[in-house]
Amino acid sequence: MDSVGSMRTQTVEVCAERQLHWVLAVEEPRCVDTHHDHRLIELHQHLDRVVLPNNTAITAVSFAPDGTYLRDEEPGFGLYLDPRWNPPWPHAHLEWPDFGVPADPLCVESALHHVLSLAQSGKQVEVGCLGGHGRTGTAVACLAIISGMPPDQAVDWVRDVYCAGAVETAEQATFVETFGATKVSTQ
Ligand SMILES: [Zn+2]
Ligand SMILES: [Zn+2]
């Protein structure tokens, strides 16, 4: 509808090794290393309010292909799972490889607890990666578990309420289930 480019879909080529991406057939390739496993992703814009099972709302976002940070209202805090993000509002990055899972689930858990407590205190909080599907979808599913969702339902739930493309790989789906198990065992 307007400048945020809602529902515009672009094909983006991603180099996970160098954390680069470019819009296919529009931008020059930023990496041409043939030893890399480049992937193509359909990038549609996400800037979506998601209400967690405990009624706390967060915003799940994809990175705008042109790198802009247009919002009706600036978030109070952003947790970003991709190093491309550098917005003008308070934010933190979580190390989380593209198409993968983070090495340290405890780090994820404490970052997500932080996000949740800010959101519960009334701050507008967003979580984003590049496409808004794999890493963001996995993080939102984990937020749902922290908020009371049974772990074995969290992947279906995030695909239902947020985007059918959320949680991209089997490894990420397993991470969600294991995240739930870890949480239960530490209680
Ligand atoms: Zn590359
Ligand atoms: Zn989507």
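Which residue takes a positive phi in the hairpin of β4 and β5? I looked this up before anything else, keeping in mind that the model is predicted, and found that N55 takes a positive phi near 75 degrees in this hairpin, which has 5 residues between the strands.

**Entry on β5 and its partners**

I stayed with the hairpin and noted that β4 and β5 pair in the antiparallel sense over 5 bridges, and that V50 has I58 in β5 as its bridge partner. I then followed β5 to strand β8 (residues 125-128), to which 3 bridges join it, with the two strands running parallel; here A60 has V127 in β8 as its bridge partner. When I looked up how covered strand β5 (residues 57-61) is, I found that 4 of its 5 residues are buried.

**Entry on the open sheet**

Next I looked up a sheet of 3 strands, which is open, has the order β2-β1-β3 and is antiparallel in its pairing. I noted that β2 (20-23) and β3 stand at the edges with a single partner strand each, so one side of each is left without a neighbour in the sheet. From one strand to the next the twist averages 35 degrees. Strand β1 (residues 9-15) is joined to β3 by 6 bridges, the two running antiparallel, and T9 has H44 in β3 as its bridge partner.

**Entry on the zinc ion (ligand 2)**

H44 led me on to a metal site, because H44 (NE2) coordinates the zinc ion (ligand 2) together with H46 (NE2), H133 (NE2) and C163 (SG), at 2.0 to 2.2 Å. I looked up the angles among the 4 donor atoms, which are 98 to 127 degrees, and the site is tetrahedral; I wrote down the spacing of the donor residues in sequence as H-x1-H-x86-H-x29-C. H46 lies in the loop between β3 (39-44) and β4 (47-51), whereas C163 lies in the loop between α3 (151-161) and α4 (170-185), so this pair ties together parts that are 117 residues apart in sequence.

I then asked myself of H46 whether it is buried or exposed. With 6% relative accessibility, H46 counts as buried, since the cut-off for that word is under 20%. C163 is also buried, with a relative accessible area of 10%, and for H133, which lies in the loop between β8 and α2, I found a relative accessible area of 8%, so H133 is buried too. Between the side chains of H133 and H46 I noted a polar contact of 3.2 Å.

**Entry on the zinc ion (ligand 1)**

For the zinc ion (ligand 1) I found C15 (SG), C31 (SG), H36 (ND1) and H38 (NE2) as the coordinating residues, at 2.1 to 2.3 Å. This site is tetrahedral, with angles of 99 to 124 degrees among the 4 donor atoms, and along the chain the donors follow the spacing C-x15-C-x4-H-x1-H. C31 is buried, its relative accessible area being 4%.

**Entry on α2**

Finally I turned to helix α2 (residues 134-146), whose 13 residues should span 18 Å at 1.5 Å a residue, and I found that the end C-alpha atoms are 18 Å apart, which agrees. I also noted that 13 of the 13 residues of α2 are buried, so this helix is largely enclosed by the rest of the structure. Just after α2, G148 takes a positive phi of about 115 degrees.

Note on methods
Residues numbered from 1 in each chain as written. Chains lettered and ligands numbered in written order. Predicted model: local features only at pLDDT ≥ 70, side-chain atom pairs only at ≥ 80, totals over all residues. Heavy atoms only, no water. Expected span 1.5 Å × (residues − 1). Buried < 20%, exposed > 50% of the residue type's maximum accessible area, 1.4 Å probe, protein only. Donors = N, O, S within 2.8 Å, 3.2 Å for Na, K, Ca; no water. Tetrahedral: all angles 85-135°; square planar, octahedral: opposite > 155°, others 65-115°. Pairing = 2+ DSSP bridges. Axes fitted to C-alpha atoms, helices over the stretch in contact; angles between N-to-C directions. Polar contact = N/O pair within 3.5 Å; in protein donor to acceptor, adjacent residues only side chain to side chain.
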